[in-house]
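I opened this entry to record a few backbone and packing features. The chain is consulted below.

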Amino acid sequence: MLRAMNIDTAAVDLALTTTRAVRRRLDLERPVDDQIILDCIDIAEQAPTGGNQSSRRWIVVRDPELKAELARLYRDAAGDFMIAARDRLEGTDHPSAPAMRSAAYLAEHLAEVPVIVIPTIVGRHDGSGSPGLFDSVIQSAWSFCVALRARGLGSAWTTAVLAKAPELKELLGIPAEITEIAMLPVAWTKGTDFHPVARTPARQITFFDGYGRTYESGPGTPVSMADGPGVVVESDIAAPIERVWAAATDINLPANFSDEFISAAWDDGHDGPSLGAAFRGRNQHELMGEWEARCYVDVCDEPNAFGWCTSDPTNPGARWRFEMQALVGGSTRLLFRLLLGPGPSGLTGFIEQAPDKEHRFIANRLRAHRANMTRVVDGIKAHVEASNSTD
């Protein structure tokens, strides 16, 4: 038996971090041997499954007529939309343009792919949201994709055809009690030089001991300001990113929603967001009273991110940031981030008086911040969606 210490972790990590959705680089001409598909399925079947029951079933489609029908169903379900979106966005700098170009290519050439694999599982999902079915097959299908990658083949995880489940079942003779999970076009890849891509760092999307709790380092036991404690609140907004940016950079808009923030005003010489610009924010708190904080814009990447730090740009008391991500379909994901410290802030005096309670002061302060940040994000969402619907 292979011992864990003998596993080449670099090779494993390479396969995991470079298993991409391959579409335009699928080799439509080179044949794929059945044994390679079977070998990859054997590997995929080693994935964990609920109750240790062998319930996964794999459909391998090679017949040209069947592939043509699958391609037709795929285009009816989403492919024609993707092709139209590609044509509409071609030549623009829209963030969805590359994805639509790739998706449209697959829709136009799906019937030419050497093999199409459809993983399924015995059983029907009851729609309750309870685990027990999909959680026994998704990991196996992903293992299949990674095994392909390790052998020089590629695939793309597609699910749009599942919207045509009755037609799909009829076409392939799939029994009613079987659930289709995905459709995976399989081919050798044109070259194997795939690389990891930029993703959000783990520190920003990993939450400790509760949703939305982040740390720049640590967390220690107990938590301290040295850990860089923070909070994240997010929501998807049914409006284009430019509108969300306009709302997020209106420094007075949050005052309509927050219990703590009162108002803000740009310093002389500044009338809008720009890197290095400064403004003063007025705040109130039942324990801390009312105070004014000088804020410095340290992130201004239109329309993706707008942030500021308080008190001292070289040693801020807190760092705040709005991040916007354009989503397929025209919506926008808005994230509101806060990191406390590393410099002094309103918490400093409380901590100095009772250092043994530092972790409690931090927890209480973050709880209050999260409540207000949630009000702000919900308020921005309502504000932007209302204005968007009136156009």
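I began with Ser-311, which I found in the loop between β11 (305-310) and β12 (318-326). The model is a predicted one. Although Ser-311 is not a glycine, its phi is positive, at about 75 degrees. I then looked up its accessibility: Ser-311 has a relative accessible area of 45% and is therefore partly exposed, since the partly exposed class ends at 50%.

I noted a second positive phi in a residue other than glycine at Asp-209, where the value is near 60 degrees. Asp-209 sits in the loop between α7 (202-205) and β6. Its relative accessibility is 69%, so I entered Asp-209 as exposed, the cut-off being over 50%. I kept both entries because most residues other than glycine have a negative phi, and most peptide bonds are trans.

I next turned to the peptide bonds. Thr-221 and Pro-222 are joined by a cis peptide bond, with omega at about 0 degrees. I placed Pro-222 in the loop that connects β6 (213-215) with β7 (229-237). I also recorded a cis bond from Gly-341 to Pro-342, its omega being near 10 degrees. Pro-342 belongs to the loop between β13 (332-340) and α9 (346-353).

I followed the strands from there. β6 and β7 run antiparallel and are joined by three bridges. I looked up Tyr-215 and found Pro-229 of β7 as its bridge partner. β7 also pairs with β13, in the antiparallel sense, over eight bridges. In that pairing I found Ile-237 opposite Thr-332 of β13. How many of the nine residues of β7 are buried? I recorded seven, and so entered the strand as mostly covered, with buried meaning under 20% relative accessible area.

My last entry concerns two helices. I read an angle of about 130 degrees for the packing of α8 (residues 241-248) on α10 (residues 358-389), and their axes lie 10 Å apart. The angle therefore makes α8 oblique to α10, as it falls between the 115 and 145 degree limits. The crossing of α8 past α10 is right-handed. On the α8 side I listed Arg-243, Val-244 and Ala-247 as making the contact, and on the α10 side Ile-380, His-383, Val-384, Ser-387 and Asn-388. I sorted the residues of this contact between α8 and α10 into four nonpolar, three polar and one charged.

How values were computed. Residues numbered from 1 in each chain as written. Predicted model: local features only at pLDDT ≥ 70, side-chain atom pairs only at ≥ 80, totals over all residues. Heavy atoms only, no water. Helix = DSSP H or I, 4+ residues; strand = E, 2+ residues; numbered from the N terminus. Buried < 20%, exposed > 50% of the residue type's maximum accessible area, 1.4 Å probe, protein only. Pairing = 2+ DSSP bridges. Axes fitted to C-alpha atoms, helices over the stretch in contact; angles between N-to-C directions. Parallel < 35°, antiparallel > 145°, perpendicular 65-115°, else oblique. Left-handed = near helix turned anticlockwise from the far one by under 90°. Contact = heavy atoms within 4.5 Å. Nonpolar A, V, L, I, M, F, W, Y, C, P; charged D, E, K, R; others polar.
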